[in-house]
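Work through the exercises below with the model open. Each task is followed by its solution in steps.

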There are 2 protein chains.
Amino acid sequence: MDLSDVRRHHLSVVLEHLVRSGPRSRSAIAQETGLTKATVSALITDLLDRGLVQELDTPTAGRVGRPATDVGAAGHSVGALGLEIDVDEVAACVVDLAGAVRTVHRHTAGNRDVTARTVINRLRDVTQRAMADAARMGIDCIGATLALPGLVDPQARTLFVAPNLHWFDADLRSLATQLRLPEHFPFTMDNEANLGALAELRHGAGQQFDSFVFVSAAGGLGAGIVLDGRLLRGAHGFAGELGHVVVEPSGKPCACGARGCLETFLHSDANPDELARHLADALRTVVHLIDPDAVVLGGSLAALGDEFAHAVADHLHADTLGARWHPCAVRRSTLSTDAALVGAATAALDRIIADPTIVPTRAFAH
Amino acid sequence: MDLSDVRRHHLSVVLEHLVRSGPRSRSAIAQETGLTKATVSALITDLLDRGLVQELDTPTAGRVGRPATDVGAAGHSVGALGLEIDVDEVAACVVDLAGAVRTVHRHTAGNRDVTARTVINRLRDVTQRAMADAARMGIDCIGATLALPGLVDPQARTLFVAPNLHWFDADLRSLATQLRLPEHFPFTMDNEANLGALAELRHGAGQQFDSFVFVSAAGGLGAGIVLDGRLLRGAHGFAGELGHVVVEPSGKPCACGARGCLETFLHSDANPDELARHLADALRTVVHLIDPDAVVLGGSLAALGDEFAHAVADHLHADTLGARWHPCAVRRSTLSTDAALVGAATAALDRIIADPTIVPTRAFAH
DNA sequence: CCTCTTTAGTTCGGATACTGTACTAACTCG
DNA sequence: CGAGTTAGTACAGTATCCGAACTAAAGAGG
């Protein structure tokens with residue numbers, strides 16, 4: 001750490017503040033971040049040079065004193081690609097820095113019984129279309145993230161297993177090229193539930209809860225765990241496999257080898273009441289181990305309605321040790337089924353927010 | 001964050017490096033931390049002024065060049081108190097900054113069927129004796145942490161429930177006074193399993209694993225979860241309640257209200273083979289949710305021998321999803337049963353390492 | 001319409017902490 | 001005893017932050 005790291009950190013703090021809390025004046029930023037007005041001015045000048053923030057027409061509110069000029073994250077000019085491969089569709093979207101989803105392209109078709117090459121070609125097509133849209137709208141895309149329904153190693157770019165996709169030990173290092181992304185384009189991948197949780201953190205329950213578990217039922221059953229505003233990925237990125245928590249040791253055998261995994265109770269003709277009970281059993285374990293503020297039900301579980309959520313909450317609170325003092329809230333996700341897709345783009349955007357200096361300055365002598 | 005925070009951070013980095021990696025020369029520190037020699041010299045001078053490090057007699061190794069003067073953490077002069085209340089004993093210890101346990105005092109007696117006041121008086125006595133020892137040895141104690149067998153809120157200084165101690169909703173805000181600790185003495189408290197995990201992180205498995213789950217069987221059954229070298233406490237400090245993971249839904253009722261909790265299978269006449277199977281069932285869930293590198297068996301589970309650990313590992317790996325790529329290691333703790341006690345002192349010491357500037361400078365004009 | 005007050009934002013001097021280079025210190029080797 | 005090597009210090013240069021003083025732009029009030 002040296003002086004430039006301090007600068008980097010402060011740029012990140014200011015940009016994050018603008019992205020999360022919306023446009024405001026330099027003066028307000030100074031107050032809210034604890035930095036001085038002078039420093040904030042310098043930081044904003046820097047961010048303006050990088051095209052990450054912009055001055056806005058601020059309505060003169062008729063208040064005493066010199067009117068402020070609000071600055072806001074440059075939503076219109078910077079964005080990221082979110083990609084997704086799911087059991088029955090592939091999709092690509094562009095989300096801008098202000099958090100708006102600017103374009104979505106999908107190709108709905110079963111991906112289970114075709115070759116990986118076919119699926120990748122489908123993904124390439126929607127990706128190309130999304131990038132063309134971005135170019136047309138003047139959005140500078142600074143990275144892409146791919147959501148996958150399985151165990152992923154983001155570092156090695158390997159998909160270990162995606163049971164519902166029938167993919168095993170897939171080496172995805174050449175994927176960026178196959179998708180025809182630009183050379184050296186920042187490209188990462190992650191588990192679909194993790195990215196769904198990230199979307200929830202930025203655009204949903206995250207506004208209310210600091211620590212929560214996002215349960216994603218799309219094909220399989222996964223969970224993304226957010227603790228203190230940070231995603232818990234585990235030592236190897238395998239965390240959150242809620243579907244394979246055993247709730248009935250004498251139950252039906254699961255594809256994973258064990259018996260009575262929660263996932264074996266999740267099928268189209270499942271009795272909601274019974275599912276609520278089994279889900280609550282699995283969540284009770286999660287609460288005992290992780291102690292989150294809330295559980296957010298996503299995917300097809302959100303569609304089961306508030307009644308289902310209440311049933312889960314009741315079962316959950318009944319026998320949970322800490323429920324008397326801090327009962328864990330159970331909510332339905334307010335995001336659409338695109339949570340993972342949007343979360344993927346969000347993950348890519350987070351890289352800029354964490355370090356705005358990766359975007360080059362376009363200052364020129366005057 | 002400003003310039004002085006940079007300084008604080010670097011002081012912390014250097015001190016932590018010395019504590020964890022042992023004494024070494026300024027030059028070596030510079031290389032290993034990436035700081036320049038000049039900066040390290042300045043930082044060491046500062047730490048010397050605070051009495052946190054000391055220059056050592058370095059054996060001239062007969063190597064070419066000017067011989068180095070090693071500096072090391074001032075183990076002999078700075079330390080912290082670790083306190084513990086358990087079902088059948090209270091204890092106090094002093095651990096110095098170098099990690100050595102300098103004194104331990106215990107009072108073994110059942111704490112379950114006596115008043116809280118009696119227990120606190122017992123703890124006060126061992127605390128006073130430990131502090132007297134510290135004074136005699138010239139150790140400046142900079143704080144204390146208390147390990148408790150139950151759900152603790154460290155901020156509010158409340159013990160919500162300690163089932164095995166029969167304590168409920170105990171307000172411990174006046175405890176520092178009752179123990180006759182000095183006025184404004186930094187005093188915190190935490191769950192016994194969490195602190196055991198901290199001890200394991202600093203003095204045991206932590207050297208080998210970045211993320212692990214420490215299973216503590218002492219009275220009840222708890223777990224301390226370490227992820228990326230940091231303790232996972234949960235949103236309310238309730239994380240790690242491994243004892244109340246349900247492994248047999250139709251099993252015996254547990255004090256917590258549920259049936260077939262892991263803890264109900266842990267009694268003196270338990271069949272080790274059966275216990276291994278149930279423990280592995282619970283740990284499989286932990287691995288699926290948290291994805292640690294290893295599980296460390298502590299307390300009475302460590303005493304069951306390597307055979308038991310192997311049995312747990314075999315059961316665990318059988319049906320765990322990610323085991324094929326990253327099997328979770330199962331180890332016995334190498335620490336004594338004092339893990340939580342030592343961990344408590346370690347937690348207090350960590351405060352200095354995190355911010356060495358809390359110790360005043362004793363520089364004087366010359 | 002002019003002055004006072006209020007709030008926004010900039011400029012500038014002072015303090016601080018880091019870096020890199022040049023230096024001094026202390027030892028071994030031949 | 002000098003050349004070579006490594007440890008540690010001194011010092012100038014640079015970047016950043018802060019605080020105070022300043023300029024800018026509006027409303028309030030006579």
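**Exercise 1. Domain contact in chain A**

Task: find how far apart the centres of domain 2 and domain 3 of chain A lie, and describe the contact between the two domains.

Solution.
- Step 1. Over C-alpha atoms, the centres of domain 2 and domain 3 of chain A are 26 Å apart. The model is a predicted one.
- Step 2. Ten residues of domain 2 of chain A and 15 residues of domain 3 of chain A make up the contact.
- Step 3. Fix the bounds. Chain A splits into domain 1 (3-73), domain 2 (78-195 + 340-358) and domain 3 (205-334).
- Step 4. Turn to area. Domain 2 and domain 3 of chain A bury about 1000 Å² between them. Carbon and sulfur atoms account for 49% of that area.
- Step 5. Look for the main contributors on the domain 2 side. A:Leu151, A:Ala193 and A:Asn194 supply 46% of what domain 2 of chain A buries against domain 3 of chain A. No other three residues supply more.
- Step 6. Count the charged links. One salt bridge is found between domain 2 and domain 3 of chain A.
- Step 7. Check a pair against the bounds. A:Asp190 forms a salt bridge with A:Arg233, with the closest N and O atoms 2.6 Å apart.

**Exercise 2. Salt bridges between helices**

Task: determine which parts of the chain the salt bridge of A:Asp46 with A:Arg7 links, then examine the pair B:Asp46 and B:Arg7.

Solution.
- Step 1. Start with the total. The whole structure holds 36 salt bridges over all chains.
- Step 2. In chain A, the closest N and O atoms of A:Asp46 and A:Arg7 are 3.9 Å apart. The cut-off is 4 Å, so the pair counts as a salt bridge.
- Step 3. Place the partners. A:Asp46 sits in helix H3 (residues 37-49) of chain A and A:Arg7 in helix H1 (residues 3-21) of chain A, 39 residues apart.
- Step 4. Check burial. A:Asp46 has a relative accessible area of 14%, so A:Asp46 is buried. A:Arg7 stands at 33% and is therefore partly exposed.
- Step 5. Move to chain B. B:Asp46 and B:Arg7 form a salt bridge, with 3.9 Å between the closest N and O atoms. Helix H3 (residues 37-49) of chain B carries B:Asp46, and helix H1 (residues 3-21) of chain B carries B:Arg7.
- Step 6. B:Asp46 is buried at 13%. B:Arg7 is partly exposed at 33%.

**Exercise 3. A sheet in chain B and its helices**

Task: give the strand order of the five-stranded open sheet in chain B, then place H6(B) and H10(B) on the sheet.

Solution.
- Step 1. The order is E6-E5-E4-E7-E11 (chain B), and the pairing is mixed.
- Step 2. Strand E6 (101-108) and strand E11 (187-191) of chain B are the edges, each pairing on one side only. From one strand to the next, the twist averages 20°.
- Step 3. Take one pair. Strand E5 (residues 89-96) of chain B runs antiparallel to E6(B), joined by seven bridges. Here B:Val94 stands opposite B:Thr103 in E6(B).
- Step 4. Add the helices. H6(B) lies across strand E4 (78-85), strand E7 (140-148) and E11 of chain B, at about 100° to E11(B). H10(B) touches E4, E5, E6 and E7 of chain B, and its direction makes about 140° with that of E4(B).
- Step 5. Link the helices. B:Arg202 and B:Asp350 form a salt bridge, the closest N and O atoms being 2.8 Å apart. B:Arg202 lies in helix H6 (residues 192-203) of chain B and B:Asp350 in helix H10 (residues 339-354) of chain B, so the pair ties together parts 148 residues apart in sequence. Both B:Arg202 and B:Asp350 are buried.

Technical notes:
Residues are numbered from 1 along each chain as its sequence is written. Chains are lettered from A and ligands numbered from 1 in the order in which they are written. This is a predicted model: local features need pLDDT of at least 70, side-chain atom pairs count only at pLDDT 80 or more; totals for chains, interfaces and linings use all residues. Side-chain values use heavy atoms; hydrogens and water are left out. A salt bridge is a side-chain nitrogen of Lys or Arg within 4 Å of a carboxyl oxygen of Asp or Glu. Helices (H or I, at least four residues) and strands (E, at least two) are DSSP runs, numbered from the N terminus. Buried means under 20% relative accessible area, exposed over 50%, partly exposed in between (1.4 Å probe, protein chains only). Two strands pair if DSSP finds at least two bridges between them. Axes are lines fitted to C-alpha atoms, for helices over the stretch in contact, and angles run from 0 to 180 degrees between N-to-C directions. Contact means heavy atoms within 4.5 Å. Domain bounds come from an automatic or database domain assignment. Buried area is the accessible area (1.4 Å probe) that two parts lose on being put together, summed over both.
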